Amino acid sequence: MAEKIKPKVIKPKKAADPMAVSIDPATQEMLARAQKLEIETVFDRAVTMKPCNIGNQGTCCKICAMGPCRLPMPRAGIEGEDTRKGLCGATPNTIAARNFARMVAAGTAAHSDHGRSVAEVFLSVARKETDDYTIKSPERLIQIAPYFGVATTVEVDGEQQDRDFDEIALEVAEKAIAEWGKPEGELAYLKRAPAPLYERWKKLGVLPRNIDREIVEIMHRTTMGVDQDYKNIVKQCTRCALADGWGGAMIATDLQDVMFGAPTPLQSEANLGIMKEDHVNIIVHGHEPVLSEMIVAAAQSKEMIEYAHSKGAKGIQLGGICCTGNEILQRHGVPPAGNFLQQELAIVTGACDAMVVDVQCVFQNLANVAKCFHTKLITTHPIAKMEQDNVIHIEFDEHHAMEDAKRIVTMAIDNFQNRDADVMIPKHKAVQIAGFGVESIEYHLGGTFRGSYYTLNDNIINGRIRGVAGVVGCNNARVKHNEEHVTIVKELIKNDVLVLTTGCSGITLAMHGLLTPETAQVYCGPGLAEVCETVGIPPVLHMGSCVDNTRILLAATEVVKAGGLGDDICDAPLAGSAPEWMSEKAIAIGQYVVASGIYTVFGYHMPLDGAPEFRDYLYKELENIYGGMWDCEPDPVKHAHKMIAHIDKKRKALGIDKARERVLMDMDDRQKMDAQYQAV
Ligand code: XCC
């Protein structure tokens, strides 16, 4: 038997009310169970610990040892000149901008270091140093090669012929890795953006040079006594964030597609109810799919399934949490067991035989919760270990990936027999369709012969689809779990806005049943419902993990290319949203989305209120520079309507606002006719 400490080790000081902190019944049930077992979770800690008011305003400066200098906004506001200063004289604008910039740097570092790991594995594949990984999507490789300046054909005797595929793979791998540190030039993928956008970036001097350099430069510019002009700091935020969205994150998405396959729509389920009492349950959590891909393969192998049977289990049930979950969902249909705030609760079921974590969004408290059950908590990444002694570290190496994965799956199977009788898996789960990509939107909403986004654009122009919104991002324990995502998306689709989603937002919307084609009849406005029913898609398209927000950038680019909606992303009726954001990564994403020309609204709050001038610069001025700007709105209905108002503003500028009125008139007329018909 494994060593196990009975519950009651981390008794919550003050417990959260399960009904008040989440709208998801599975979460409510598991939180109540945790509290009954006297196991503290993030929800309880959010009740007992208030956030720091000054940090929340963005005006706490702790970059040198003369501070921390705290510059809160007085309750009554400031009349006349704002004389607040740090010891060195730093103004609230400088302090808030530095803090903001460091979030952009950290977020870019997280996505891009993930991208680097993927690129390194791809280099091993290209060099044929590993048998465990292969190239599953040669089409994606051929598609991206030209952006890296890699030729896909060669001239032989005056004729163009296909180039040796292995040569292409190796050259792409080497060029991709160079993006992190090349000494001159600019990032290769920037030219994938619409030409006017690229030209704007060039004119503004924000083309990223290499990924690492832009992150380093933020750290330099925001250290004591360097850049003290918030506008100049924001400029570097843009350059760094673009190195994320059009650099590290985009390379991560592409090379993952190359090695693991480009997603296509598939059916799956979501929520804690996907765990099975009579199966070995393995939960994978984090962000990098290089290991989880192998765990999927190992768990599906005859050898492992037979071994599970020999230990009395009916099979092996894999489930995901956070973006590792999204990665194996979109390529294999493995169901997510939950989103960010449900990670502790997956263990509280008592049925989690192993939780395998890699990097990012992993609570350290998982180790404390795992102590109360039989769960093996396994860290796998050299840069992400935990100090608690019940955590097992199995370092993953791509050169013997399958061996590592089998070791982990075997450990989970062996642990199945160590469960307590007291297992409680909530019944709640929902069906979802996930796995949409740039190509699948083209397939479903493209022109039959044109190979473009023609049908989507046509439906936007004729007004059936009012516009397109990206709703993405985290959960946040300061916000009622899932409520903002669901309310905002329902409001958007009710108003004929097609929604693209990623990350924990995608998991949330799946859990609440919004990712099925049937959703259209129930929640959508008439125009969007008609389109979704005709082509058989959900009104909310799940496009993957958080690095896959780059798929949204490329989808927006395709919208521009298909014509009729302006020359640049900022002309099209598009908007972005992160309703329950919490991660620094969300700030990096927000900044690259804004700098790509998209109006972006965050929920909860932004750490800017202590520096109103800097805040106004982000919320108003940036639109004049990049065509997109930030906003913040905690009320979910108002939040959705701000996005809709922006979409309508763009429709008006394009001269297509009247078309929508006609569509609506048509619907009214139709309804009147229906009424008359029924009256007869
Ligand atoms: Fe993490 Fe990507 Fe946020 Fe979810 S959504 S909480 S970052 S897992 Ni990106």
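Here are some worked exercises on the cavities, the ligand site, the pockets and one sheet of this structure.

This is a predicted model, where local features need pLDDT of at least 70, side-chain atom pairs count only at pLDDT 80 or more, and totals for chains, interfaces and linings use all residues. Residues are numbered from 1 along each chain as its sequence is written, and side-chain values use heavy atoms, with hydrogens and water left out.

**Exercise 1. Find out how many cavities of 30 Å³ or more there are, and what lines the largest cavity.**

Step 1: Get the terms straight. On a 1 Å grid over the protein atoms alone, a cavity is a set of points where a 1.4 Å probe fits but cannot get out; a pocket is an open set with protein on both sides within 12 Å along at least five of seven lines; and lining residues have an atom within 4 Å of a point. Points are joined across faces, edges and corners, and a volume is the space filled by probe spheres set on them.

Step 2: Count. Four cavities of 30 Å³ or more turn up. The largest cavity holds about 410 Å³. Its lining has 40 residues, with Gly-470, Val-472, Asn-549, Ile-552 and Ile-589 closest to the centre.

Step 3: Look at the elements, which are DSSP runs numbered from the N terminus (helices H or I, at least four residues; strands E, at least two). Among those that supply at least two residues each to this lining are helix H13 (322-332), strand E13 (467-471) and helix H23 (549-562).

Step 4: Sort by class. Ala, Val, Leu, Ile, Met, Phe, Trp, Tyr, Cys and Pro count as nonpolar, Asp, Glu, Lys and Arg as charged, and the others, Gly among them, as polar. That gives 29 nonpolar, 10 polar and one charged residue.

**Exercise 2. Place the ligand and describe its shell.**

Step 1: The ligand takes up the space of the largest cavity (a molecule sits in a cavity or pocket if more than half of its atoms lie within 2 Å of its grid points).

Step 2: Residues around the ligand (a heavy atom within 4 Å of it) include His-287, Cys-322, Cys-323, Cys-361, Cys-474, Cys-504 and Cys-546.

Step 3: The shell splits into eight nonpolar, three polar and one charged residue.

**Exercise 3. Set the largest pocket beside the second largest pocket.**

Step 1: The largest pocket has about 1100 Å³ of volume. Of its 34 lining residues, Asn-56, Met-103, Trp-581, Met-582 and Glu-584 lie closest to the centre. Helix H5 gives the most to this lining, with six residues.

Step 2: The second largest pocket comes to about 490 Å³. Here 26 residues form the lining, and Glu-288, Val-359, His-381, Pro-382 and Ile-383 are closest to the centre. H5 again gives the most, now with seven residues.

Step 3: By class, the largest pocket has 18 nonpolar, 10 polar and six charged lining residues, while the second largest has 14 nonpolar, six polar and six charged.

**Exercise 4. Work out the strand order of the open sheet and why one side of E15 and of E18 has no neighbour.**

Step 1: The six strands run E15-E14-E13-E16-E17-E18, with parallel pairing (two strands pair if DSSP finds at least two bridges between them).

Step 2: E15 (540-542) and E18 (630-632) are the edge strands with a single partner each, so one side of each is left without a neighbour in the sheet.

Step 3: Check one pair. E17 and E18 run parallel and are joined by three bridges; Thr-600 has Trp-630 in E18 as its bridge partner.
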